[in-house]
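This briefing covers charged side chains and one surface patch. Please read it next to the sequence and the coordinates.

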Amino acid sequence: MLQWLPENVSTYGQGVDNLFYAIYYLTLIVFILVMGTLIVFLIKYRHQEGKRADYIEGSTTLEIVWTAATTVIVFVLAMFSYPQWNNIKSPTQFPENPDVVVQVSGKQFNWDMTYPGPDNEFGTDDDLELENELHVPVNAVVHIRLTSVDVIHSFFVPQLRLKQDALPNRFIEVWFEATKAGRYEIPCAELCGFGHSGMLGYLNVHAQADYDAWVQERWPQ
Amino acid sequence: MHDNEHHHEESFISKYIFSLDHKMIGKQFLIYGLLMFFIGGGLALLFRWQLAYPDQPLPVIGASQQYLDEGEVVTGADRMWERIYESDKEEWLETNMPSGVITPEFYNMLFTMHATIMVFFVVVPILVGAFGNFLIPLMIGTRDMAFPILNMLSFWLAVLAAIVMAIGFFVPGGHAAAGWTGYAPLSADPQWTGVEWGQNLWAISLLIQGFSSLVGSINYITTIINMRAPGMTLFRMPLVIWSLFIVAILLLLAFPVLSSALALLIFDRLAGTTFFSATAEGGGDPLLWQHLFWFFGHPEVYILILPGMGIASELIAVFSRKPIFGYRSMVYAMIAIAFLGWIVWGHHMFQSGMRPGLGSIFMTTTMLIAVPSAIKTFNWLGTMFRGSIRFTTPMLHGIAFVSMFVIGGLSGIYMANTPVDIFIHDTYYIVAHIHYVVFGGSLFAIFGGIIFWFPKMYGRYMNDALSKIHFWLTFIAFNCTFFPMHILGVGGHMRRISNPQQYEFLQGFEGMNIFITMSAFTLGFAQLILVFNFFWSMYKGKVAEQNPWQVNTLEWEAPTPVPHGNFGQIPTVYRGPYEYSVPGEESDWIPQAQPEHAPATSGD
């Protein structure tokens, strides 16, 4: 089933996928064991003439075993998940000194990208606003200031394994580092009105030289 | 022995309409739920068509290609559209699906109302309203609910809520289209959706439905605490009564939270407050809505599944002819699920902008729900272990419930896991998950429960051949409809989009969407068999004896049809509900009210 996952092109995506695979095999094994047992029971203990059910009220040992086993599995899984989650979503753990900072603002039904320009400050004359097109260099840390001007949108780049809601009057920090140049879609993943379907931006990941050329073109020095 | 029942003549109205009898109110809720089930399902088929064949006219009522291309009237549907376009009036069909093509606005309204109706007007009314009303007094051994007039009020408030909800479809601007979760600010200000009174009526209707649930839950709790038959200790109650008791407590505590949120939403929309919108002038917060909604919403999810677990437990014990394996741990597991239900709501909000540290906490509490869920599943397996399983149609539904609940439970672990949820949040993965729990779980339990208790409700069996055809068609079509949605989710297919073909990365899923839609239509048509069988058997079904399945619990002690007041003499309870295949006994079942034996120790 997991071959349906889109190709991963972010540094942290592999960690997410590894957890995905771990849970996939864990649940698959549990599923096969439970269903296998069920089917065996259904065949073996089907009603047969002259044969009665055994009077069994339960087993405290078994209850303790499966309660403890499930609890342990759950906590082990949680332990492996905390660092991945914090790495992706906790601003205190983001890589410092990003190579690129962009503000992305959802607006029915577009993504507005704002580059701070050479002065690295938003709200100044050298800001650059682009509709639905985000340009970043490959293998570089990108910080995004995510916001919205109207309703809730959700910034989703399937290949980066990144999704974050964008809220009006809030600035939410996310980051990524793309590992492969290319053009990727940025659908909106949170219902935002009648134009929700088709609200679509593009993430253009350039080789460093191409990105430098793009910057040069926009802000000639 | 029935001479002390009052046999006074009742008028048609007091017997069938404004009835105070818990059994009649239960049946009213059942028929109400089945009716709404068809409306909710029909809406789903409309948007499934759009997902498989985006922007193409619907079958039968859509215009033909010739008409769309050249304006040439070919079919009857073309004539209808011709007439609609020629009239000066803005007709409903023209606004919502010109030429039979579903507009994006109408699409949003369809899935919003599908979920709203299924959650609030089908599953809760049937599980809690119908089974709760019918079963509680009968199974604990009393003559009626504690407050019969409140009980009647509960039903008629639900009818009022349904009428208000139905009006919403026909007001200018259309019905609510902000999703059943009604996230603000989308739902809080008409300027974002163009929906005016539709969203208001949605909120008002749910407020009324909230009162209905509140009144019902007070009644259930009072009845179960105070009116149990002599000898019916709490730990001799059947598990379905335990589940309904726990659910009543959840309803009592959860619905007022939704009601408050809805009231604030109405203020935002009509009185200019800004509780849920973050504007420069107003100090509200959109996340407040999500916190309130899901603080209600997650217990609500367990309200939808716990009675299903209760019903499945009855079916599996009766048809395995064995006591429930680990009766007490089954009760404690349900209590644990109900308790955990209050501290997991944040898992709906992992990607919402909630503080990431909270995400880790909510992940831990959420994954802990796997523990009581596993306990229940293993105990159902334990109940079948060394049993004598009869594959009656209700049992088939019970087995289907367990299997589908296992899939729905396991798929929940993916979403509870915060890093994985980043990817699958708001994709078809969650759509698959909720349908495996609420359709695969609750609805199979409902179907099984209807067939199982039908002989007590109407004195007749449902037709078994039709029931079996319905079961297998539903089981196969259900899995063909919802299993592939997991794959769509893994591919990143967002929910609530009306046209997946707009996206490059979803191009490979067209065939799967068509397959799902075909399966969904099959699933929909299979339900017609159930409804036909239900109404046909009510009048023409084989007459049933008093206790056709040889069940221990008290509802089968009452004569069929059950008279007003239920029991001639209130039965005394001598043992737990699952004394099947007791060694040394001639019969493989000992009714709870059978006095010859010393009280057994089931459940201890």
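The points below concern a predicted model and are grouped by topic. Over all chains, a search of the whole structure finds 11 salt bridges, and three of the pairs are described here along with a buried glutamate that has none.

**Salt bridges in chain A**
- A:K107 and A:D112 pair through their side chains at 3.6 Å, N to O.
- A:D112 counts as buried because its relative accessibility is 14%, whereas A:K107, at 32%, is partly exposed.
- A second salt bridge, 3.0 Å from N to O, joins A:E133 and A:R183.
- This pair connects distant parts of the chain, with A:E133 in strand β4 and A:R183 in strand β9, 50 residues apart.
- A:E133 is partly exposed at 22% relative accessible area, and A:R183 is partly exposed at 48%.

**Salt-bridge network in chain B**
- B:R321 and B:D588 form a salt bridge of 3.1 Å, N to O.
- B:R321 sits in the loop between α11 and α12, B:D588 in the segment after α19, and 267 residues separate them.
- Both residues are buried, and shared partners bring B:R390 into one network with them.

**Buried glutamate without a salt bridge**
- A:E63, in helix α2 (residues 60-89) of chain A, is buried but has no salt bridge.
- The nearest side chain of opposite charge is B:K376, 9.6 Å away.
- The side chain of A:E63 makes a polar contact of 3.0 Å with that of B:S329.
- Contacts of A:E63 beyond its sequence neighbours include B:F325, B:G326 and B:I375.

**Nonpolar surface patch**
- A:Y21, A:Y25, A:L28, A:I29, A:I32 and A:L33 make a nonpolar surface patch of about 590 Å².
- A:Y25 belongs to helix α1 (residues 13-44) and is partly exposed at 46% relative accessible area.

Terms used: Residues are numbered from 1 along each chain as its sequence is written. Chains are lettered from A and ligands numbered from 1 in the order in which they are written. This is a predicted model: local features need pLDDT of at least 70, side-chain atom pairs count only at pLDDT 80 or more; totals for chains, interfaces and linings use all residues. Side-chain values use heavy atoms; hydrogens and water are left out. Patches are made of residues with over 30% relative accessible area and no salt bridge: like charges are joined within 9 Å, nonpolar side chains (Val, Leu, Ile, Met, Phe, Trp, Tyr) within 5 Å. Accessible areas come from the Shrake-Rupley method with a 1.4 Å probe; for residues, only the protein chains shown count as cover. A salt bridge is a side-chain nitrogen of Lys or Arg within 4 Å of a carboxyl oxygen of Asp or Glu. Helices (H or I, at least four residues) and strands (E, at least two) are DSSP runs, numbered from the N terminus. Buried means under 20% relative accessible area, exposed over 50%, partly exposed in between (1.4 Å probe, protein chains only). Lys and Arg count as positive and Asp and Glu as negative; His and the chain ends are not counted. A polar contact is a pair of N or O atoms within 3.5 Å; within protein, one must be able to donate a hydrogen and the other to accept it, and residues adjacent in sequence count only if both atoms are side-chain atoms. Contact means heavy atoms within 4.5 Å. Lists of a residue's contacts leave out its neighbours within four places in sequence.
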